[in-house]
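Colleague: Could you give me a close look at one part of this model, starting from a single loop residue and working outwards? I'd like the geometry spelled out with its cut-offs.

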Amino acid sequence: MPPEEFTRPHDVLVLGAGNAAMSAALTARARGASVLMIESANRDIRGGNSRHVRNIRYSHNAATDFVTGRYDADEYFKDLMRVTDGNTNEDLMRFMIDASEDCVDWMLAQGIKFQPPLSGTLGLARTNAFFLGGGKAMMNSYFKAAEKAGIDIVYEAEVESIEMDGSRFQAAMVRHDGELHRVEARTVVLASGGFEANIDWLKEGWGDIAENFLVRGSPMNTGKVLRSMLDNGAKPIGAPDQCHAVAIDGRAPKFDGGISTRIDCVIFSVVVNKNGERFYDEGEDIWPKRYAIWGRLVAKQPDQVAYAVIDSKSMGLFMPTVYEPFQSDTLAGLAEQLGVDAATMEKTIQDFNAAVQPGDFNATEPDGCHTEGVEPKKSNWARKIDTPPYYGYPVRMGITFTYLGLEVNRRAQVFMNDGKPAENIWAAGEIMAGNILGQGYAGGTGMAIGNVFGRIAGEEAARHARN
Amino acid sequence: MPETETLQEAKRVMQICNACRYCEGYCAVFPAMNKRLTFSDGDVTYLANLCHGCQGCYYACQYAPPHEFAVNVPKAFAELRAETYRDYAWPGIFKGLFEGNGKWVALITLVLTIAVTAGVFMVQGADVVAGVHTGTGAFYKVIPHDVIVYLASAPFLFAGLAFIVGLVTFWRDIGGKPGELLHPGALAQALKDAGQMKYMSGGGHGCNYPNDNFSMGRRHAHQMTMWGFLLCFAATSVATLYHYAFGWEAPYDYFSIPVILGTLGGIGIVIGPIGLLMIKKKADPAPQDTKRTGMDVAFLWLLMLTGITGLALLALRETAAMGTLLAVHLGIVLGMFVTFPYGKMVHAVYRLGALIKFAHERRS
């Protein structure tokens, strides 16, 4: 038997239940539309990757209760142009940034709670507003608001495919309780995230090495809706290997490790691959500006693994880690524990130590302490690894989210391959973030994209359905 | 202190939390955690007693069960607090009273109440106890003033001593320096935080119950309980002053200071615990230490019965019920005082110690 919600007619069907989906559903409901949300997860892990977020980057002209100062649209635009290296739809980016100004007020009105800017939170206290308790608390507030508004939500319901007639959405085929059901609605908002939890799909962009990627977020983001839309002739945007990926502890869970598995010691360390060789300048720039490239760097090493090695001098200079480091009084002993070629690693660190130039070490900013005569060089924070005990952290690529998605316009309408927007289909969130993020990332942008386009999608879908 | 499973679990959880830090906005625990890279026994004992059990961090946690990290800070800390209460009990031979605490507290109070009531009847005779007494010194015709004073002050002063010994030992073990415990600035800050129950406001929106709902209900019920208790204490203090300094004997006028304070306090320790018991009944057991529900419930009932019998005594003091009510009220108050160091009351002592420590850390 299908859940009773599947048989009742709805104006707007929202696929997904994260920030973008909620933004769409709540907006559509406020415009008087009947709304059904289809969530693939159970209650414990509901809300997709939004459950793991922490803050939202939004434009504002002055300090508020939640941010320490002005971050205007121009500065936001410059930041995004820099991180994406211009690989974006500038018009949509501008539009999103301008519209992001009232994200926080809108969220507050839904009952979402923010915390005052606290010191030391990643240097984002001026630009980003932080959710009290983080993303899961935000999602709890969202679900409460949705229940109160009378939005139907069916959990553990996975969309297998989308049925279309030309450019018109007809129904979603939804698996629930082991059975496939056809769920019709007048309109649909696609807010079902990316495909980072679908290792087979990742292999299409990355090859077999994707087997060794860790997925930082929801195991539910398998991209079935996105795939079905592409099969139905929707127009893709973004490259299949473009994603946000960082260096995380290699011992992290395959899925859902979230924020706590990050490794922040790279700039103070020597990073070797399993052969014991260095492969990149660990001290190129401060960590917030470099952590996002290290996922890719590690992915290119043998077995997609690397090892950050520090000595006791550097302990305590970086965020504590969720797993204890491997530890030994000798480099050979550490190499053995890590499973790294000991002779090569010792030689690598010997050569590195010999190349370290004298300087005034300063943990908090690029200090110019560098190496000379070793390849690759280390530009900052280069200190000899010579004071036992030695510590090592295994590092793997943790994928956060993918950028290949559906092309949309300012009205969040999904384009078909013929260049025309689909009749009754809108998209919001990660499934369309690639329109703005061709590459690179600035923390908290995903939340803004999801909220801005989610609200537009909800509004447009409600209007269309009720006309 | 031997390394218990409870300590290990608290350390495990704190290591995960310290690599996440999303909950820094809820209360004092997380800013205090942020200042540490590793966690000793004393560190987690301090943090556990700093936790007010608002449960905000549990519902916000991306690592809560069924996640394999299985992070449940309120439960881990509640279980560790139970160990604190037991381990720092003085004298040590009474530690066992924390096992099955609810039953012990109920039994001790019952025995004392029966003993006092029976004793009064036996010594004074039913005619006196069931008689109507009015005017100055009316109570003391049933139980002489000195008897009340000795009976009540002995366990009360002993409880005070036990609290001090427990607090000083706790303070040493959580890494506090001897002189800092009474540092005026830190003490004032801690008393302010305790008085307002600041950290029951969970980042400004209240505790989470019965599920992920935010509500100030628990904070307000707890405030009523605590301030009710303190008003009762103030009423007794003023009355003592009246008696010894001015020679004015109870019962006092309905609009006298001791009676007004006592009435308000009595209402507080009846309504507050009713609220807390209702919240407890509705609450999600997942983030709680359900093993010590008995301790919590016994303490709340004890306060409530103290309030009810006290208010009844006030209302019926000019009737024949006064004598019996006075004896019962005294018995229950004795039960409360005797079990103070071996029941839920001690949470206030270690909470205050933890708040003083946090006040110091916040300054540095």
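**A loop residue and its surroundings**

Modeller: Happily! Leu97(B) is placed in the loop between α5 and α6 (101-129) of chain B; helices (DSSP H or I, at least four residues) and strands (E, at least two) are DSSP runs, numbered from the N terminus. This is a predicted model, in which local features need pLDDT of at least 70 and side-chain atom pairs count only at pLDDT 80 or more, while totals for chains, interfaces and linings use all residues. Residues are numbered from 1 along each chain as its sequence is written, chains are lettered from A and ligands numbered from 1 in the order in which they are written, and side-chain values use heavy atoms, with hydrogens and water left out.

Leu97(B) has a relative accessible area of 15% and is buried (under 20% is buried, over 50% exposed and in between partly exposed, with a 1.4 Å probe and protein chains only). Its C-alpha atom is separated by 6.3 Å from that of Tyr342(B), although their positions lie 245 residues apart along the chain, counted as a separation in sequence. Leaving aside neighbours within four places in sequence, Leu97(B) is in contact with Trp104(B) and Tyr342(B), where contact means heavy atoms within 4.5 Å.

From there we can move to Thr339(B), which belongs to helix α13 of chain B. Thr339(B) is buried, at a relative accessible area of 6%. Setting aside residues within four places in sequence, Thr339(B) is in contact with Val105(B), Ile108(B) and Leu302(B).

Now for the helix pair itself. Two packed helices are described by the angle between their axes and the distance between the axes. Helix α12 (residues 293-315) of chain B packs against helix α13 (residues 322-339) of chain B at about 155°, and their axes are 9 Å apart. The axes are lines fitted to C-alpha atoms, for helices over the stretch in contact, and angles run from 0 to 180 degrees between N-to-C directions. α12(B) and α13(B) are therefore roughly antiparallel to each other (over 145 degrees; under 35 counts as roughly parallel, 65 to 115 as roughly perpendicular and the rest as oblique). α12(B) passes α13(B) in a left-handed crossing, meaning that the near helix is turned anticlockwise from the far one by less than a right angle; clockwise would be right-handed.

On the α12(B) side, the contact uses Leu302(B), Leu303(B), Leu305(B), Thr306(B), Thr309(B), Gly310(B), Ala312(B) and Leu313(B). They meet residues of α13(B) including Met322(B), Leu325(B), His329(B), Ile332(B), Met336(B) and Thr339(B). The residues of this contact divide into 12 nonpolar, 6 polar and no charged (Ala, Val, Leu, Ile, Met, Phe, Trp, Tyr, Cys and Pro count as nonpolar, Asp, Glu, Lys and Arg as charged, and the others, Gly among them, as polar).

Elsewhere in chain B, helix α3 (residues 41-50) has 9 of its 10 residues buried, so it is largely enclosed by the rest of the structure. Among the buried ones are Asp43(B), Tyr46(B) and Asn49(B). The cover over the buried residues of α3(B) includes α1 (5-18), α2 (29-34), α5 (73-87), α8 (145-173) and α14 (346-363) of chain B.

Backbone geometry adds a few spots worth a look in your viewer. Most residues other than glycine have a negative phi, and most peptide bonds are trans. Arg21(B), in the loop between α1 and α2 of chain B, has a positive phi near 70°. At 15% relative accessibility, Arg21(B) counts as buried. Tyr209(B) and Pro210(B) are joined by a cis peptide bond with omega about -5°, and Pro210(B) is in the loop between β1 (207-208) and β2 of chain B.

Close to that stretch in the strand numbering comes Ser215(B), in strand β2 (residues 214-215) of chain B. Ser215(B) counts as buried at 18% relative accessibility. Its side chain reaches the backbone nitrogen of Gly217(B) at 2.9 Å. Not counting residues up to four places away in sequence, Ser215(B) touches His205(B), Gly206(B), Cys207(B) and Tyr209(B), and Tyr209(B) is the residue joined to Pro210(B) by the cis bond.

Notes:
A polar contact is a pair of N or O atoms within 3.5 Å; within protein, one must be able to donate a hydrogen and the other to accept it, and residues adjacent in sequence count only if both atoms are side-chain atoms.
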